[in-house]
Amino acid sequence: MNSKHKILFVLLAVATLTAGAQNTSDADSLAAKKKVHVAFRDVDPDLLLGGISYVDMQELQKKDYTMSSLEDMYALVGGWNGNNLWGMDNERLDNNDNGNLPLVIIDGVKRPSNNVLPSEIEQVTFLKSAQAVVLYGSKGAKGAILITTKRGKVDGLRIDANANTGYHVAKEFPQYLGSAEYMTLYNEACLNDQLATGAKYSQMDIYNHAAGINPYRYPNVNYYSDDYIRKAYNRSEATLEIQGGGTRAHFYTNINYYRLEDLLNFGIAKSNYTDRFSVRGNVDLVINKSIKGFANASATFYNANKNKGNFWSEASTMRPNFPENAAPLIPIEWVDPNASKALAMLGKSLNLLDGHLFPGGTKATPSNAIADCYFGGKTRDVSRQFQFDAGFTYDMDKFVRGLSFKTLFSIDYAALYSLSYDNKYAVFIPTWSNYNAQDAIVGLTQQGDELVTGHMAMSGSSYRQTVSWNGHFDYDHTFSGGHHVTGMLLANMYTTTASGAYHRYANANLGLQAGYDYRGRYLAEVSLAGVHSARLPKGHREALSPSLTLGWNIAREEFMANSCVDDLLLSANYSDLNEDIDVYMDSKYFYLYDALWATAGSGFTWNEGATTDRTFSTMGSNPALDFIHRKEYSVSLRGAFWNRLITTDLTFFNTDMSGFIIKNPTLFPSHLQSGLSGGSFKPAINNNIQNRRGLDFSVTAQKQLGGVHATLGVVGTWLNTSWKKYDETVDPAAAQKHTEGQALDALWGYKCLGFYTTDDFDYNAATGKYTLKEGLPRPAIGGTILPGDLKHEDVNGDGTINNKDMVVLGRSGNIVALDNSGNPVGTALGTTAAPWTVGVNLTLKYKNFTLFALGNGQFGAYAMRNNSYYYMEREAKYSVNALGRWTPETADVATHPRLTTLTSANNSAASTFWIYSTNRFNIRKLQLTYDFPKEKFAGKAVQGLSLYLNGNDLLTISKNRKLMETSIGTAPQTRFYNLGVKVTL
């Protein structure tokens with residue numbers, strides 16, 4: 001019995017002993033109306049104010065099998081696009097353990113969302129508005145996702161077992177040219193560039209590669225062929241849930257294991273797989289009439305086993321005829337029997353596949369993707385995560401009616417490291433000869449050393465530890481006459497220590513909440529958070545974040561009696577939250593308020609010959625540096641009509657993120673900058689303002705249609721963004737002068753007029769050179785301009801085409817980094833969302849069958865075809881897109897600039913030529929479930945049985961579907977088909 005089986009056995013034994021003798025139904029325990037988990041408390045759904053959405057995961061899992069905690073949520077929750085809430089870009093801190101997501105709280109503790117499974121979750125709550133997150137302090141100011149895991153609620157013992165197996169099938173593979181086509185077009189590129197050396201490949205070379213008579217001397221490698229990639233790969237998962245209890249205690253345990261294979265089908269890569277084993281459990285204890293305790297624990301063991309090298313990256317860059325004159329693997333039979341030195345060299349080699357295949361290469365290519373998977377060794381990435389929290393609630397009703405206290409302490413630890421066989425292999429450079437029309441290798445040159453270690457080495461070790469505590473007094477009481485009053489006094493903190501990070505990632509805040517409602521008709525809520533940040537200077541490290549919300553349930557007024565309106569709650573909120581998530585500049589979060597100095601070599605030389613490094617200022621000090629503010633007002637309307645035939649939830653929001661920190665502000669004189677070594681005395685200041693406004697909506701309709709019960713839900717978000725204030729130097733010559741007022745995700749580029757043709761040039765027959773005609777705007781973007789290059793519009797009419805002619809071409813969904821002149825620089829600062837995102841979910845129930853369908857879409861955003869698959873230059877691998885290149889004969893139908901062996905910034909620049917719409921609608925999920933009638937199991941050990949068949953990512957409806965479904969340099973996107981069974985005991 002291995003260790004995993006021992007753990008399972010022990011947990012089953014403990015579960016059985018703890019359950020007690022009772023075996024009553026769980027109907028009574030579920031009779032109470034489910035409440036919604038929000039910040040540090042639970043709220044009746046009818047009293048829920050705007051900007052909050054929730055999903056009952058236990059109900060969803062009955063019809064939708066999902067593999068990750070937040071999967072499919074963008075089609076169920078308005079305002080969530082799968083990455084952020086209301087278009088808020090998330091924190092970029094390296095040791096933020098939740099990646100690029102908002103604050104995620106699991107069972108009251110900040111934790112990564114990828115360490116909890118859907119089968120473990122009871123409810124997911126999305127806190128989108130500022131008023132919903134104020135109590136989480138500065139780190140929660142951009143929204144939060146609350147994940148509440150399941151707890152034991154039944155008396156006696158209940159066991160649920162769930163098993164799934166399915167296959168991933170690739171959607172699209174990139175398509176590249178074969179060797180002969182590539183070599184022919186590369187020769188064309190040489191001629192296009194008017195190189196003195198002329199064409200690189202001879203016609204005989206091209207013929208030999210095309211003929212395929214000797215694929216080892218004249219290789220034509222297709223990395224996406226069946227030789228290397230399987231048609232489908234498996235994912236299997238099993239889950240066991242055990243819960244039960246009695247009068248004094250209840251428990252819940254979830255045991256899960258899944259294994260995921262890989263698309264590669266050769267060498268060590270054939271055995272690639274990822275597996276995960278986890279155990280999560282909790283216990284709720286009734287200590288006495290006033291005190292209840294709880295404890296939660298989780299352990300996760302994750303392993304990713306993979307080959308060395310990066311197959312998918314090399315497959316997108318390695319040309320089909322490379323290595324030249326040597327295939328990735330060459331049979332030893334091609335070596336001339338008389339080439340004794342070559343044979344002796346191979347005889348000593350440690351890397352002969354099947355005793356007769358050796359890796360080929362050149363000095364320029366000392367490795368290749370195929371040989372990597374056979375000889376390079378393998379790696380196991382290991383992750384171990386352990387989480388524990390415990391706390392208690394104390395009912396203080398005997399002191400003050402409605403008063404209670406709750407506290408929680410947690411400690412989480414995660415360790416990551418890699419174990420690898422770091423083998424080295426040599427490639428052999430063949431010397432070919434031809435005897436009697438037969439090729440043979442007459443000599444070999446070894447390139448590199450060989451090493452087969454035989455033992456695993458550890459590397460990349462890192463850890464992360466999070467300690468959390470919170471405690472709060474709660475007040476909840478309804479006075480006579482229907483006056484309901486709530487209150488909370490809160491202290492909350494967590495801190496994360498991570499390897500390689502000197503500063504801890506920390507949050508500490510106090511909170512105060514007071515609420516009132518009169519019979520659920522008139523509602524008011526005030527919240528106040530006292531926040532602290534060590535990222536700011538003394539005197540500015542504390543701040544107060546207030547929030548006020550008012551609500552009116554119009555449906556509960558007497559004049560709405562006997563109407564078609566069941567519920568109609570109108571609420572409005574204003575909040576001003578202080579956040580330090582964006583106290584950030586140049587990858588730094590701390591000491592931005594201090595004067596910074598640097599030293600550099602090549603400094604001053606003295607008479608004695610000694611030199612002194614230069615010391616210079618890079619930034620001045622600013623003791624008044626402050627928090628960034630989220631200033632927001634929102635209006636929400638939640639309604640239900642015709643006996644809940646239709647329910648709606650609409651929220652309009654307008655948010656200013658005010659006071660973003662900038663360097664080298666333009667309000668200071670220029671002589672404080674660009675001094676010695678490009679230094680600066682200008683301080684960092686709070687200045688820029690981002691505005692987001694939009695509409696978050698959700699509409700659900702349900703109806704009994706004969707024997708079919710149908711439920712249709714539509715959710716979505718309309719989002720508009722802009723720089724409300726932006727520090728910039730306005731260039732009067734620029735075509736688009738101001739960044740201020742533009743969208744945060746503005747996509748900048750040139751207006752392309754098509755291709756330059758021979759009519760745009762004067763041709764000198766004596767030199768064979770082209771010269772652009774006088775009177776035409778002079779391109780100054782970069783690269784030699786010849787017929788077949790892209791022609792851009794001189795928008796500002798100054799006779800030169802440069803970055804002053806760049807304009808906004810659309811919106812991308814990425815916040816663009818800009819310099820003080822408004823020019824795009826570097827990488828995106830974060831993500832927002834497409835202007836329109838929408839999700840649709842449909843449930844049809846007929847007898848014991850349930851059909852669930854889910855789709856999502858985005859509209860109004862654009863992207864650029866900006867990688868080497870779509871634009872090819874220099875030594876790039878040629879995709880099928882090269883067939884559409886410009887030539888004098890194809891000038892009217894060309895879809896790609898002329899081919900070139902040089903670099904052309906002019907052709908690769910973002911422009912209307914490369915832009916495409918990302919509008920799409922995805923049929924994300926279809927699942928058919930059959931629940932066997934419960935009466936069939938009366939008096940039997942099995943209490944329930946369900947079978948289901950589902951498919952994920954089945955269809956994308958888009959004009960640019962193939963473009964968006966083709967991954968370049970990474971593993972292909974896949975569709976997934978799954979069969980599952982669930983048994984209840």
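In the predicted model, 41 salt bridges were counted. One of them joins D72 to R924, with the closest N and O atoms 2.8 Å apart. D72 is located in the loop between α2 (57–60) and β4 (103–106), and R924 in strand β45 (residues 920–931), so this pair ties together parts that are 852 residues apart in sequence. Both partners fall under the 20% cut-off for burial: D72 has a relative accessible area of 0%, and R924 is buried at 7%. The two residues also belong to a network of salt bridges, in which D72 and R924 are linked with D64, E71, K925 and D953.

A second salt bridge is formed by the side chains of D760 and K791, at 3.2 Å from N to O. D760 lies in the loop between β32 (752–755) and β33 (761–764), whereas K791 is part of strand β36 (residues 790–792); the pair therefore ties together parts that are 31 residues apart in sequence. Its acidic partner, D760, is buried, with a relative accessible area of 10%. K791, with a relative accessible area of 21%, is partly exposed, since the buried class is limited to values under 20%.

The salt bridge between K231 and D226 has its closest N and O atoms 3.7 Å apart, which places it within the 4 Å limit and so in the count. Here K231 is exposed, at 65% relative accessibility. D226 is likewise exposed, with a relative accessible area of 54%.

Aromatic contacts were examined next. The count of aromatic pairs comes to 42. Among them, F358 and F428 are arranged edge-to-face, with 5.9 Å from centre to centre and 90 degrees between the planes. F358 belongs to strand β14 (residues 357–359) and F428 to strand β17 (residues 427–435), so the contact ties together parts that are 70 residues apart in sequence. F358 is buried, with a relative accessible area of 0%. For F428 the relative accessibility is 0%, and this residue also counts as buried.

The rings of Y871 and W914 have centres 5.6 Å apart and planes at 65 degrees, so this pair is edge-to-face; the class requires an angle over 60 degrees. The pair links distant parts of the chain, 43 residues apart: Y871 is in the loop between β43 (862–864) and α9 (905–908), and W914 is in the loop between α9 and β44 (915–917). Y871 is buried, with a relative accessible area of 7%. W914 counts as buried at 2% relative accessibility.

On the surface, a nonpolar patch of about 1000 Å² is made by Y522, W552, F559, L570, Y574, Y633, V635, L637, L650, F652, L695 and V699. Strands β24 (565–579), β27 (628–641), β28 (646–662) and β29 (685–705) each supply at least two residues of this patch. The most is given by β27, with 3 residues. One member of the patch, Y574, is placed in strand β24. Y574 is partly exposed, with a relative accessible area of 44%; this value exceeds the 30% that a patch residue must have.

Helix α5 (residues 203–211) contains both buried and exposed positions. I206, N208 and H209 are buried in this helix. Viewed down the axis of α5, the buried residues fall within an arc of 160 degrees, so they line one face of the helix. The cover over these buried residues includes α4 (179–192). Q203, M204, Y207 and A210 are exposed on the other side of α5. The helix is followed by G212, which has a positive phi near 70 degrees.

Definitions and conventions:
Residues numbered from 1 in each chain as written. Predicted model: local features only at pLDDT ≥ 70, side-chain atom pairs only at ≥ 80, totals over all residues. Heavy atoms only, no water. Buried < 20%, exposed > 50% of the residue type's maximum accessible area, 1.4 Å probe, protein only. Helix = DSSP H or I, 4+ residues; strand = E, 2+ residues; numbered from the N terminus. Arc of directions from axis to C-beta. Contact = heavy atoms within 4.5 Å. Patch = residues over 30% accessible without salt bridge, like charges linked within 9 Å, V, L, I, M, F, W, Y side chains within 5 Å. Areas by Shrake-Rupley, 256 points an atom, 1.4 Å probe, with all protein chains shown as cover. Phe/Tyr/Trp six-rings, centres within 6.5 Å; stacked < 30°, edge-to-face > 60°.
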